[in-house]
There are 2 protein chains.
Amino acid sequence: MVTVPAIDRSSTTDRVAEALRAMLFTGELSPGEPLREVSLADAFQVARSTVREALQVLAGDGLVTRYPHRGVVVTELTGDDIAEIFGARLVLESAGVRAGSEGADLAPVAEALATYAAATAGSDQAEITHAHLEFHTSLVSLLGNARLVANADTLTGDLRLALASVERRRANARQQVADHRRLLRLMKTGDTDGALSELDRHLTAARASVHEQVRERDAVSPGS
Amino acid sequence: MVTVPAIDRSSTTDRVAEALRAMLFTGELSPGEPLREVSLADAFQVARSTVREALQVLAGDGLVTRYPHRGVVVTELTGDDIAEIFGARLVLESAGVRAGSEGADLAPVAEALATYAAATAGSDQAEITHAHLEFHTSLVSLLGNARLVANADTLTGDLRLALASVERRRANARQQVADHRRLLRLMKTGDTDGALSELDRHLTAARASVHEQVRERDAVSPGS
DNA sequence: TTTCGTCGGATTGTCGGACAACCTGAGTGT
DNA sequence: ACACTCAGGTTGTCCGACAATCCGACGAAA
């Protein structure tokens, strides 16, 4: 068996969905912004039905919301939504931490942390956010359960909608990385309870931070 | 504000998806069975594009699987899939049990158990399965997190694909209900660890049962 | 001034038809 | 046994169409 260059077998629908997803994560599309089928079809040079399918994929992930007969808009997360996302993440990532303390290989987590630390040296905010969330996903990966990882991915994906629209302070980056290092160290030393409470603390702080930033944004341009 | 009778505002796509979902859960459609777009469009008397959208919804839930350029088939769960589903359920439902032992109101769980017990008196297998899974979902509901409940719902939905194709032994029903009663009692008495290990035991046994039944089925008509 | 119809434009939801690309299996030849 | 070709069925994507629905504006009526 020879190795061959991968051939792109993605459908047009997939590519449109992916392009939209990228635009959502970079903040090129803001929460609440309407996504008109004909405009998108025109912009992407594809048929309206193709756009509709792509939008339905994104709607399935909760990134966009369909309002019957009124169209699709970029999902606007309420404060309750954000609280729910962090609550769900705590459940999944805590389970991951427990799995890690029960013998799962921590190397992928360490690797994700290194990537994250490296990313903070750069200035690409979307890249930093991605690497950060990747670390948290790596915790869930410790469970070796693809379905839970997928759930965690959609959760962090939804969260990125809120993160993209606010400027994360670079100053926090160093502090953040230190937080994660501490968490990993606790896991390595087998201090499960310590790691769990550190994770709880970290997520609670992050939630507060996102909450605050969303409130600030809404104060300027009030949403729903 | 007066109360008005609810008006059906569902789209054709939704209704087709719902009809297909019901057929999947009752076993009218079996795992591996191909779902041809034109046949379905003809059968439901709707356009092909409508069927495509409905199928994409179901694919998003993992109930059907798209094979590019080859069509959609009812998802066939492998042994690994089943193990994953039960593993994920253990994570979510354990978290629910913990929430229950920390003061969450157990009334909905008790209610779900009563409904389940009542259903076992009847002979509608799909109804019994539904009530059973509803009980487990009620555990996750204790977390008060709609996103996690949704995740649990898709997990149990996927599981129903496997359950629908095998005849569950009625004999087990009584034993099953007793299991759940014991679990609820442990939660009520505040014995969190006992409840958690009871849940683990129950899910492990259930997984073994499903595994065995799937193996039996595959021995008759081998799948992939 | 506020409330209530109504009207027109814009958009979605659904339909039908069309066609190229693709997959599969059967047949054919080597 | 293997490689090739061909035909039929199916999906992926496009286009055009039209009813249903929503929304804002405008004007009439209370």
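**Chain-to-chain and protein-to-DNA contacts**

Tutor: Let's start with the two protein chains: 24 residues of chain B are in contact with 24 residues of chain A. Residue numbers start from 1 along each chain as its sequence is written, while chains are lettered from A and ligands numbered from 1 in the order in which they are written. This is a predicted model, where local features need pLDDT of at least 70, side-chain atom pairs count only at pLDDT 80 or more, and totals for chains, interfaces and linings use all residues; side-chain values use heavy atoms, with hydrogens and water left out.

Student: What makes a residue count as being in contact?

Tutor: Having heavy atoms within 4.5 Å of the other part. By that rule, chain B brings 24 residues and chain A brings 24.

Student: And how do you know how much area chain B and chain A bury between them?

Tutor: Interface size is often quoted as the accessible area lost when the parts come together. Here the area is taken with a 1.4 Å probe and the loss is summed over both parts. Chain B and chain A come out at about 2000 Å², with 47% of that on carbon and sulfur atoms. Gln56(B), Glu84(B) and Arg147(B) give 32% of what chain B buries against chain A, more than any other three residues.

Student: Why is the pair Glu84(B) and Arg147(A) called a salt bridge?

Tutor: The term asks for a side-chain nitrogen of Lys or Arg within 4 Å of a carboxyl oxygen of Asp or Glu. The side chains of Glu84(B) and Arg147(A) meet at 3.5 Å, N to O, so the pair qualifies. The rule finds 8 salt bridges across the interface of chain B and chain A.

Student: Which elements of chain B supply the side that touches chain A?

Tutor: α3, α4 (79-101) and α7 (146-164) of chain B each supply at least two residues, and α4(B) gives the most, 9 residues. The elements are DSSP runs numbered from the N terminus: helices are H or I of at least four residues, strands are E of at least two. By class, that side of chain B has 11 nonpolar, 6 polar and 7 charged residues. Ala, Val, Leu, Ile, Met, Phe, Trp, Tyr, Cys and Pro count as nonpolar, Asp, Glu, Lys and Arg as charged, and the others, Gly among them, as polar.

Student: Now inside chain A: where do the domain bounds fall?

Tutor: Domain 1 spans 12-74 and domain 2 spans 79-220, with bounds from an automatic or database domain assignment. Their C-alpha centres lie 27 Å apart, and the contact takes 9 residues from domain 1 and 8 residues from domain 2. About 710 Å² is buried between domain 1 and domain 2 of chain A, 67% of it from carbon and sulfur atoms.

Student: How many salt bridges does the rule find between those domains of chain A?

Tutor: The count is 0. On the side of domain 1 of chain A that touches domain 2, there are 5 nonpolar, 3 polar and 1 charged residues.

Student: On to the DNA. What makes a residue near strand C?

Tutor: One of its heavy atoms has to lie within 4 Å of the strand. There are 22 residues around DNA strand C, and Arg9(A), Arg52(A), Thr12(B), Thr50(B) and Arg70(B) come nearest. Of the strand C atoms within 4 Å of the protein, sugar and phosphate make up 76%.

Student: Why is Thr12(B) with strand C a polar contact?

Tutor: A polar contact is a pair of N or O atoms within 3.5 Å; within protein, one must be able to donate a hydrogen and the other to accept it, and residues adjacent in sequence count only if both atoms are side-chain atoms. A backbone N or O atom of Thr12(B) is 2.3 Å from a phosphate oxygen of strand C, so the pair fits. Arg52(A) uses a side-chain N or O atom, 2.7 Å from a phosphate oxygen of strand C.

Student: Which residues come closest to strand D?

Tutor: Thr12(A), Thr50(A), Arg70(A), Arg9(B) and Arg52(B), out of 21 surrounding residues. A polar backbone atom of Thr12(A) is 2.3 Å from a phosphate oxygen of strand D, and a side-chain N or O atom of Arg52(B) is 2.6 Å from one. The largest share of the surface near strand D, 3 residues, comes from α3(A); near strand C, the largest share is 3 residues from α3(B).

How values were computed. Buried area = accessible area lost by both parts, 1.4 Å probe.
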